[in-house]
Amino acid sequence: MSTHDRLLIIDFGSQVTQLIARRLRELNVYCEIHPYQNVTDAFLADFAPKAVIFSGGPASVLDEGSPRPPEGVFALGVPILGICYGQQVMMQMLGGRVERGHGTAEFGRAYVTPSAERIDLLKGWFAQDREQVWMSHGDHVAEIAPGFTVYGTSPNAPFAITADLSRNFFAVQFHPEVHHTPNGKTLYENFVRLAGFTGDWTMGAYREEAIRKIREQVGDAKVICGLSGGVDSSVAAVLIHEAIGDQLTCVFVDHGLLRLNEAEEVVAMFRDNYNIPLIHADESDLFLGALEGVSDPEVKRKTIGKLFIDVFQKHAAEVGGAEFLAQGTLYPDVIESVSFSGGPSVTIKSHHNVGGLPEKMGLKLVEPLRELFKDEVRALGHELGLPASFIGRHPFPGPGLAIRCPGEISREKLEILRKADAVYIDQIRKHGLYDEIWQAFVAILPVRTVGVMGDGRTYDYACALRAVTSVDGMTADYYPFTHDFLGETATRIINEVKGINRVTYDITSKPPGTIEWE
Ligand code: XMP
């Protein structure tokens, strides 16, 4: 059990519930999101929250069987903040009344003005006469529950901000967690302060606690960890090594589809800087052999995925008697999302970097990053002393360069691709753009084109540059490089990389495209 003050977010299915957690984590408050179906009185007793937040959600409290928290939550004696649907459910359960839309629906930007004396929740609010907030509601509160007072109104939400100060219950109709409520973070800050949180959720504290938990879980058993060279598995490995030392062995599978010098860099970092036992499995012949003649993207992915498991399993057997498999699973991968269509069941998105292995090998999982968001993993990486250049690396897909080489893969094409990619990334770094971009890479196209260099004709490959901005990889925009940058980069690639005589820039966003080409 965590020793931190804990805040419970009860999820009613809002698209932005995760943002509530983000805002709170930024305030050094430890919180967890749990779907309302799982929150029973017994759960509450066990979790012992210091405060509770009800998220928004797509349902109507007026519908039969719509989501509710357990009655017991109101008897915990801790502060509660209800947001949007969370406000409506609170009002309905505590004796107020909610009505259907009928012209009072509000979607988008709205302005709230104060309607009573300032309360602690609103410290720092209304420096101007009004605050911009983000609304997204059909139903509205028609009558507030006994004991509540209105502290802010908007044209279509007469009860935009309400509170029962005697019980520290607060309820707002808008979403303070989204960017379009610019002063929203202050509201969360006020809420956690009045709830008595001390802001004890720091990476230093997390590191200590995670190490203690890993030792407790693993005892003196052996652990194996599949290293991909990405940030998540690297941070997990370094953390676990700090906890259990040589009981950990890492396996780095080189499938021959890595970027220029990538294998050497990863292996050197782990062997030289951390002295972590590492099996460097150079299996490029095996992978590239199996991929010969394969051009279908799904067949490529499946071939690589299956071989990866075989190879990992073979090398893990060398460790002998490992009981645990370590993975860099993150919090967004494990949050249980509320499913309204399928009744009370929940959908759990689980993420297995080495899919299927735990079951196949009878291994238990160690996942020390399960509570963290990506930027927190990066902060933990800094805390553990991983080089900044490594922590900030762009994501790299498991199937590697195979999916950046549309059509058939050959060693020749991979060599060309590696060189072009290195020049492109070098350009991006030189221009100081690397950290602004979510991911950038070159794809080598399965087409050769005619060119002229010096006095000679060339007949070489064309390539496409890709660069996108994104928050989570789910959606993405292409990066708006200047023409100067693109021109200079194309010239460098064509001059420095033998085998490419034409450079294009991919200006497709996601959707409709995907980030990778396959
Ligand atoms: P797409 O191409 O689907 O990619 O828009 C979204 C993000 O996921 C990465 N990606 C993968 N990562 N294994 C991974 O570990 C994969 O099979 C895989 N496919 C895509 C991609 O690089 C981007 O960051």
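**Exercise 1. Is Phe481 buried or exposed?**

Solution. Start with the cut-offs: buried means under 20% relative accessible area, exposed over 50%, and partly exposed in between (1.4 Å probe, protein chains only). Phe481 has 10% relative accessibility, so Phe481 counts as buried.

Some ground rules apply throughout. This is a predicted model, in which local features need pLDDT of at least 70, side-chain atom pairs count only at pLDDT 80 or more, and totals for chains, interfaces and linings use all residues. Residues are numbered from 1 along each chain as its sequence is written, and side-chain values use heavy atoms, with hydrogens and water left out.

**Exercise 2. Classify the ring pairs of Phe481 with Tyr479 and Phe485.**

Solution. Step one is the rule. Rings of Phe, Tyr and Trp (its six-membered ring) pair if their centres lie within 6.5 Å; planes under 30 degrees apart are stacked, over 60 edge-to-face, and the rest tilted. The rule yields 18 aromatic pairs.

Step two is Tyr479 with Phe481. Their centres are 4.9 Å apart and the planes meet at 65°, an edge-to-face pair. Tyr479 and Phe481 are both buried.

Step three is Phe481 with Phe485. This pair is stacked because the planes lie at 15°, with the centres 4.3 Å apart. Phe485 is buried because its relative accessibility is 3%.

**Exercise 3. Find the arginines over the rings of Phe47 and Tyr434.**

Solution. Apply the test: NZ of Lys or CZ of Arg must be within 6 Å of the ring centre and within 35 degrees of the ring normal. Arg6 sits over the face of Phe47, 4.2 Å from the ring centre. Arg429 sits over the face of Tyr434, at 3.8 Å.

**Exercise 4. Describe strand β3 and its partners.**

Solution. Strands (E, at least two residues) are DSSP runs, numbered from the N terminus. Two strands pair if DSSP finds at least two bridges between them.

First, the side chains. In a regular strand they alternate between the two faces of the sheet. From β3 (residues 51–54), Ala51 and Ile53 point one way, Val52 and Phe54 the other, and all are buried.

Next, the neighbours. Strand β1 (residues 6–11) runs parallel to β3, joined by 4 bridges. Leu7 has Ala51 as its bridge partner in β3. Strand β4 (residues 80–83) also runs parallel to β3, with 3 bridges. Val52 is bridged to Ile80 of β4.

Last, Phe54 again. Ring pairs link Phe54 into a cluster with Phe12, Tyr36, Phe74, Tyr85 and Phe169.
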